[in-house]
Amino acid sequence: MKLASPAAAVPAAEAERLARALYGIEAVARRLPGEWDDNFRLTTADGATLILKVSHPAEQKEALELQIALLQHLARAAPGVAVPGVVPHTEGSFLSTTTDASGAARFVRLLRYVRGQLMAETAPYSAGLIRSAGGLMAAMDRGLLDFTHAAAERRHHWDLRNAGDARDGLAAITDPARRRLAERRLAYFERVVRPAFDRLRQSVIHGDPNDYNIVVAPDAVTGALRATGAIDFGDVVRTATVCDLAITTAYAILNGRQWLAGDPLADAAQLVAGYDEVLPLTDEEVSLVYPLFCTRLTVSVVTSARRRIVEPENAYLAVSEAPAWAALERLEQVSPGAAEEAFRRACGRTGRGRAAGAGAGTDESAILAQRRRYLGSNLALSYATPLHIVRGRAQYLYGADGREYLDAYNNVAHVGHCHPRVVEAVARQAAELNTNTRYLHEAVVRYAARLSGRFPDPLEVCYFVNSASEANELALRIARAATGRRDVVVTAGAYHGNTQGLIDVSPYKHLAPGGEGTPAHVHVVPLPDVYRGEHRGPDAGARYAAAVAAAVARTPPSAFLIESLLSCGGQIVLPEGYLGAAFDAVRAAGGVCIVDEVQVGFGRVGSHFWGFELQRVVPDIVVLGKPMGNGHPLAGVITTRALAQAFDNGMEYFNTYGGNPVSMAAGLAVLDVLEEEGLQAHAQQVGARLLRGLRELSRKHPEIGDVRGRGLFIGLEFVRDPGTREPAGARASSVVNALKERGILTSTDGPRHNVIKLKPPMPFDAANADYLIETLDAVLRLNA
């Protein structure tokens with residue numbers, strides 16, 4: 001934003017003259033603080049009180065007319081909210097003009113005084129007063145829902161819709177740590193909050209209902225203070241309705257008794273609940289109150305830093321800056337998920353997302369007994385003490401007891417658990433139509449076009465299925481149809497799905513207890529692991545690829561099937577040049593190159609949208625799954641026109657649910673969120689931070705033998721001895737359970753189950769990364 005130059009100060013004597021000349025009022029004027037206008041409290045001889053406002057020279061007449069119209073509307077639509085009445089001057093108009101000492105034209109208004117105290121003067125605030133402030137804001141916002149005015153559509157720097165503009169002022173913050181904090185808050189706003197803005201309920205709002213603009217008075221019955229009115233409507237704008245609540249919360253909590261006693265959310269929860277009682281909030285509004293009020297505090301401190309350069313003597317700038325910084329620093333320890341959960345509980349909404357009969361009072365032992373009775377006994381549970389999870393949001397999961405867990409490994413919820421954009425898209429389409437692809441429908445072709453546009457040529461033909469297992473089966477069918485062969489080359493430790501055909505090509509399973517061993521048509525080449533394997537150094541990729549070349553020379557295959565980064569293999573990053581050389585050998589033998597992107601596709605590796613791009617190759621078939629529908633069952637196969645035509649061999653391919661409109665709606669919403677929230681770049685930045693911190697940690701704790709990964713796909717390999725690299729599977733498992741007890745969810749993987757895998761939902765942020773590193777450090781020190 002561009003900051004206007006300070007206006008020439010209007011003396012109190014001039015305010016008295018204006019009151020006399022324009023309104024026929026004799027009064028004594030006392031200056032009041034203000035960021036923008038010159039404000040005066042006028043007291044007449046008979047004790048009457050009025051407010052004279054001399055606007056900044058840059059103020060537009062239309063903005064003042066907006067305020068006047070709004071105050072007159074509120075007097076009719078919200079009679080329970082005390083607001084200033086507008087007093088006409090002697091000629092009947094509500095606006096007058098004057099010229100200040102610098103010769104600048106200024107507008108003048110006279111307002112009736114709202115009786116009571118400023119809320120800011122009554123600190124510390126009781127829970128009851130804070131709750132009443134929420135109710136007052138809701139009553140005012142409810143009264144404004146049908147108010148319109150052309151000037152309210154203005155672009156205003158205090159409108160939280162434009163909070164991203166504050167990035168231009170970050171350089172004015174001289175403290176590096178605080179500047180980084182503000183930068184993180186604004187980045188979260190732009191990535192998560194701003195894309196949701198236009199979906200929120202919109203109306204004209206007050207725009208700055210902080211505790212200096214809320215009037216309180218004793219209740220006539222109880223005598224307890226309650227919020228009764230609002231003043232200073234200079235920031236009126238049409239925007240998301242919930243912003244008024246967020247702004248009130250940002251400032252009111254700073255002097256709340258529970259905040260001062262150490263609880264960062266209790267006062268905010270009271271305010272949100274008070275608002276919700278009067279003007280019910282949508283679920284998405286509840287979820288965004290916390291990030292919005294953090295954003296408001298951030299904009300406030302950035303604006304103060306910038307204005308201090310222009311107006312170093314303006315004491316008003318310091319009114320909220322110091323406590324705002326203190327609040328932002330303290331709120332670094334509060335996750336958006338924890339805040340949303342607290343607000344939902346306060347509003348009596350804890351039941352969302354729970355299955356019938358499941359809740360805080362449910363006996364986990366009873367669920368476990370029913371599970372054992374009705375489900376297959378080889379369906380595993382995570383952790384020594386299983387978790388009863390009832391709700392998810394973004395990168396957080398919530399237990400039936402209300403406890404929050406940072407989810408650091410569920411990559412299925414790619415854009416975040418229960419992302420409202422995906423939930424809304426699925427619900428909307430499910431309410432309209434869900435059928436198969438034997439009918440024409442726009443959604444499947446729209447999604448196919450969007451998805452294929454993300455691939456290099458000649459990958460352009462799409463097939464949609466319901467799971468990655470189906471997708472890998474289909475990929476192998478296409479390869480066999482094209483080559484007339486059945487043999488497949490795979491790597492050791494590979495896992496590609498749970499059908500019998502895929503267990504056959506998954507050494508991770510068919511060599512495990514209960515497996516039947518490697519079938520004759522499956523040829524296993526060494527896992528290209530540069531930490532534990534035979535080959536290391538710059539030529540490791542070529543040397544591992546030589547094993548693929550040898551395998552296809554012995555038996556020309558239908559396909560070489562490999563993950564672009566191996567997950568069950570132990571979060572393995574392929575050595576440079578491996579896929580290029582392996583693909584050359586396979587294609588020379590007439591085989592098809594299939595890349596399984598189920599674990600890492602859709603931007604997880606950060607630097608690229610697909611993992612295979614790290615190796616600068618183009619596969620013949622790509623298999624997609626887990627993140628594709630953000631938890632909705634959706635998977636796919638992308639291949640070339642030539643291979644698709646070879647597969648069209650006379651037998652119809654049909655999938656009852658594959659490509660249905662609801663699944664396509666989910667897939668489109670995921671692509672939208674990835675693009676609008678910049679999640680690929682986010683994965684690159686946060687992943688680099690996490691990898692850097694974990695590598696530093698490994699130098700302190702040698703039992704972390706290796707840290708590897710790309711973006712938000714990371715593995716920590718635990719060893720008994722760094723020299724021998726003896727696997728430490730039991731230790732990795734104990735660390736996973738210890739992290740769970742501290743509220744962080746991870747898991748183990750790898751052929752020896754000694755690799756802790758980190759592949760969190762993509763909203764996983766820098767603060768989450770730092771917290772994971774700190775907590776892991778504490779766990780390793782405690783149990784050294």
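**Exercise 1. The first hairpins**

Which residue takes a positive phi in the hairpin of E2 and E3, and how many residues lie between the strands?

Solution. The structure is a predicted model, and the steps below follow its strands from the N-terminal part of the chain.
Step 1. The hairpin of E2 and E3 has four residues between its strands, and in this hairpin Gly 47 adopts a positive phi near 90 degrees.
Step 2. Strand E2 (residues 38-44) and strand E3 (residues 49-54) run antiparallel and are joined by six bridges, with Ile 51 in E3 as the bridge partner of Arg 41.
Step 3. E2 also pairs with strand E1 (residues 27-32), again antiparallel and over six bridges, and here Ala 29 stands opposite Leu 42 in E2; the hairpin that E1 and E2 form has five residues between them.
Step 4. Five of the seven residues of E2 are buried, and the strand is therefore mostly covered, where buried means a relative accessible area under 20%.

**Exercise 2. A seven-stranded sheet**

Determine the strand order of the open sheet that contains E16, and state which strands stand at its edges.

Solution.
Step 1. The order of the seven strands is E15-E23-E22-E21-E18-E16-E17, and the pairing within this open sheet is mixed.
Step 2. E15 and E17 are the edge strands; because each has a single partner strand, one side of each is left without a neighbour in the sheet.
Step 3. From one strand to the next, the twist averages 20 degrees.
Step 4. An antiparallel pair is found where E15 is joined by six bridges to strand E23 (residues 635-640), and in this pair Cys 462 stands opposite Ile 638 of E23.
Step 5. A helix can now be added to the picture: helix H18 (residues 578-588) lies across E16, E17, E18 and E21, and its direction makes an angle of about 160 degrees with E18.

**Exercise 3. Strand E16 and its two partners**

For strand E16 (residues 488-491), work out which residues point one way and which the other way, and then identify the residues paired with Val 489.

Solution.
Step 1. In a regular strand, side chains alternate between the two faces of the sheet.
Step 2. In E16, Val 488 and Val 490 point one way while Val 489 and Thr 491 point the other way, and all of these residues are buried.
Step 3. E16 runs parallel to strand E17 (residues 522-525), to which four bridges join it, and Val 489 stands opposite His 523 of E17.
Step 4. With strand E18 (residues 559-563), E16 pairs in the parallel sense over two bridges, and the bridge partner of Val 489 in E18 is Phe 560.

**Exercise 4. Backbone angles in the loops**

Locate the cis peptide bonds that precede Pro 124 and Pro 458, then compare the burial of Phe 602 and Arg 725, two non-glycine residues with positive phi.

Solution.
Step 1. The bond from Ala 123 to Pro 124 is cis, its omega lying near 0 degrees, and Pro 124 sits in the loop between strand E7 (117-118) and helix H3 (127-144).
Step 2. Asp 457 and Pro 458 are likewise joined by a cis peptide bond, with omega about 5 degrees; Pro 458 belongs to the loop between helix H13 (442-452) and strand E15 (459-465).
Step 3. Phe 602 is not a glycine, yet its phi is positive, at about 70 degrees, and its place is the loop between strand E21 (592-596) and strand E22 (621-624).
Step 4. Because its relative accessibility is 1%, Phe 602 counts as buried.
Step 5. Arg 725 has a phi near 60 degrees and is found in the loop between strand E25 (713-721) and strand E26 (726-727); since its relative accessible area is 23%, it is partly exposed.

**Exercise 5. The surroundings of Glu 717**

Is Glu 717 buried or exposed, and which side chain makes a polar contact with its own?

Solution.
Step 1. Glu 717 is located in strand E25, and because its relative accessibility is 2%, Glu 717 counts as buried.
Step 2. The side chains of Glu 717 and Asn 754 are joined by a polar contact of 3.2 Å.
Step 3. When residues up to four places away in sequence are not counted, the residues that Glu 717 touches include Tyr 531, Arg 532, Asp 706, Arg 708, Asn 754 and Val 755.

Definitions and conventions: Residues are numbered from 1 along each chain as its sequence is written. This is a predicted model: local features need pLDDT of at least 70, side-chain atom pairs count only at pLDDT 80 or more; totals for chains, interfaces and linings use all residues. Side-chain values use heavy atoms; hydrogens and water are left out. Buried means under 20% relative accessible area, exposed over 50%, partly exposed in between (1.4 Å probe, protein chains only). Two strands pair if DSSP finds at least two bridges between them. A polar contact is a pair of N or O atoms within 3.5 Å; within protein, one must be able to donate a hydrogen and the other to accept it, and residues adjacent in sequence count only if both atoms are side-chain atoms. Contact means heavy atoms within 4.5 Å. Axes are lines fitted to C-alpha atoms, for helices over the stretch in contact, and angles run from 0 to 180 degrees between N-to-C directions.
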